[in-house]
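This report introduces a protein structure to a reader who has not met it before. The sequence and the structure are shown first, and the description follows.

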Amino acid sequence: MLSTLRALWQADGTFPSGSFAFSWGLEGVLALRPDMPAGELAQLVATIMRHRWATFDRIALLRAFRAGGDLAAIGIVDREVEASTLIAPLRDGSRRNGASFLTAHARLGNELAGRLRDAVRAGDCLGHIAVMQGAIWFAVGLDEKLAQVTSGYSVVSGLITAAIRLGAIGVLRGQGVLGDCLPLIEQLAAEPVPEDADLESFLPFLDIASARHEQADLRLFAN
């Protein structure tokens with residue numbers, strides 16, 4: 001039960017990971033589609049999970065998790081995430097979230113988080129959130145399955161929270177979308193990830209919306 005409780009701790013929206021400032025590109029999408037129905041928003045969240053989280057963030061997370069605290073190996077994954085994230089707001093947001101996540105764990109006394117924070121400051125790592133989560137959650141004591149579902153839940157919860165703050169969906173409808181995504185998270189997390197798995201992502205609409213969002217005069221979120 002302790003490992004499960006630790007996963008709940010890490011998935012809790014009150015954990016200071018810095019994610020409250022980021023919409024994962026959703027604000028840019030809603031700027032293009034301000035009248036998006038709740039059903040389409042739910043489909044968008046599921047699409048992000050299938051074509052971004054499952055094939056990109058989840059792979060980076062597991063590769064960092066399997067590095068077992070090896071900073072050099074973690075750095076390799078980190079640089080691959082950097083090179084594969086073409087849209088600057090998404091790239092910068094990932095690094096900022098990772099920095100906040102590391103700072104929180106370092107202040108809580110996690111020794112690996114302190115070493116990773118030093119490595120980021122020295123330029124040996126870049127600090128992307130999925131990579132840092134994989135490394136730290138290994139140290140915290142989660143297993144691979146719990147690390148994946150914690151990550152997946154955190155992404156969906158963050159998207160729903162952003163949609164609520166942007167006025168695109170109500171709280172109860174948002175909880176309905178979140179609940180409907182739970183079986184999808186379980187399904188995606190059950191898919192095997194070989195040791196040599198590549199990072200893959202194909203969400204051109206989200207990328208375009210994120211790039212446009214960077215030029216917006218008024219923004220609630222950083223990306």
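## Thr85 and its surroundings

Leaving aside residues up to four places away in sequence, Thr85 is in contact with Arg52, Phe56, Leu90 and Arg91. The model described here is predicted. Thr85 belongs to the loop that runs between helix 4 (71–84) and helix 5 (88–107). Its relative accessible area is 6%, and Thr85 therefore counts as buried, the limit being under 20%.

## The second largest pocket

Thr85 also takes part in lining the second largest pocket. The other lining residues are Arg52, Phe56, Ser84, Leu86, Ile87, Leu90, Ser201 and Asp207. Arg52, Phe56 and Leu90 appear again among the residues that Thr85 touches.

The space in this pocket amounts to about 170 Å³. Sorted by class, the lining of the second largest pocket consists of four nonpolar, three polar and two charged residues.

## Salt bridges around Arg66

Across the whole structure, a search finds ten salt bridges. One of them joins Arg66 to Glu144, with the closest N and O atoms 2.8 Å apart. Arg66 is part of helix 3 (residues 38–66) and Glu144 is part of helix 8 (residues 144–165), so this pair ties together parts that are 78 residues apart in sequence. Arg66 has a relative accessible area of 28% and is partly exposed. Glu144 is likewise partly exposed, with a relative accessible area of 28%.

Arg66 meets Glu195 in a salt bridge as well, at 3.7 Å from N to O. This pair links distant parts of the chain, 129 residues apart: Glu195 lies in the loop between helix 9 (171–189) and helix 10 (204–213), while Arg66 lies in helix 3. Glu195 has a relative accessibility of 62% and counts as exposed, because this value is over 50%.

## A network at Arg33

A further salt bridge is formed by Arg33 and Asp35, whose closest N and O atoms are 3.9 Å apart. This distance satisfies the criterion because a salt bridge requires the nitrogen and oxygen to be within 4 Å. Arg33 is partly exposed at 30% relative accessibility, whereas Asp35, at 58%, counts as exposed. Salt bridges link Arg33, Asp35 and Glu40 in a network.

## Trp137 in helix 7

Trp137 is located in helix 7 (residues 129–140). With a relative accessible area of 0%, Trp137 is buried. Not counting residues up to four places away in sequence, the contacts of Trp137 are Gln10, Leu61, Phe65, Phe101, Leu142, Ala147, Thr150 and Ser151.

A separation along the chain can also be set beside a separation in space. Trp137 and Leu41 are 96 residues apart along the chain, and their C-alpha atoms are separated by 30 Å.

## Confidence of the prediction

The mean pLDDT of the protein is 91, and 94% of the residues reach 70 or more. Among the elements of the protein, helix 4 has the highest mean pLDDT, at 97, and helix 10 the lowest, at 82. Helix 4 is one of the two helices on either side of the loop that holds Thr85, and helix 10 follows the loop that contains Glu195.

Where pLDDT is low, predicted coordinates should not be read in detail.

How values were computed: Residues are numbered from 1 along each chain as its sequence is written. This is a predicted model: local features need pLDDT of at least 70, side-chain atom pairs count only at pLDDT 80 or more; totals for chains, interfaces and linings use all residues. Side-chain values use heavy atoms; hydrogens and water are left out. A salt bridge is a side-chain nitrogen of Lys or Arg within 4 Å of a carboxyl oxygen of Asp or Glu. Buried means under 20% relative accessible area, exposed over 50%, partly exposed in between (1.4 Å probe, protein chains only). Helices (H or I, at least four residues) and strands (E, at least two) are DSSP runs, numbered from the N terminus. On a 1 Å grid over the protein atoms alone, a cavity is a set of points where a 1.4 Å probe fits but cannot get out, and a pocket is an open set with protein on both sides within 12 Å along at least five of seven lines; lining residues have an atom within 4 Å of a point. Grid points are joined across faces, edges and corners, and a volume is the space filled by probe spheres set on the points. Ala, Val, Leu, Ile, Met, Phe, Trp, Tyr, Cys and Pro count as nonpolar, Asp, Glu, Lys and Arg as charged, and the others, Gly among them, as polar. Contact means heavy atoms within 4.5 Å. pLDDT is the predictor's confidence in each residue, from 0 to 100.
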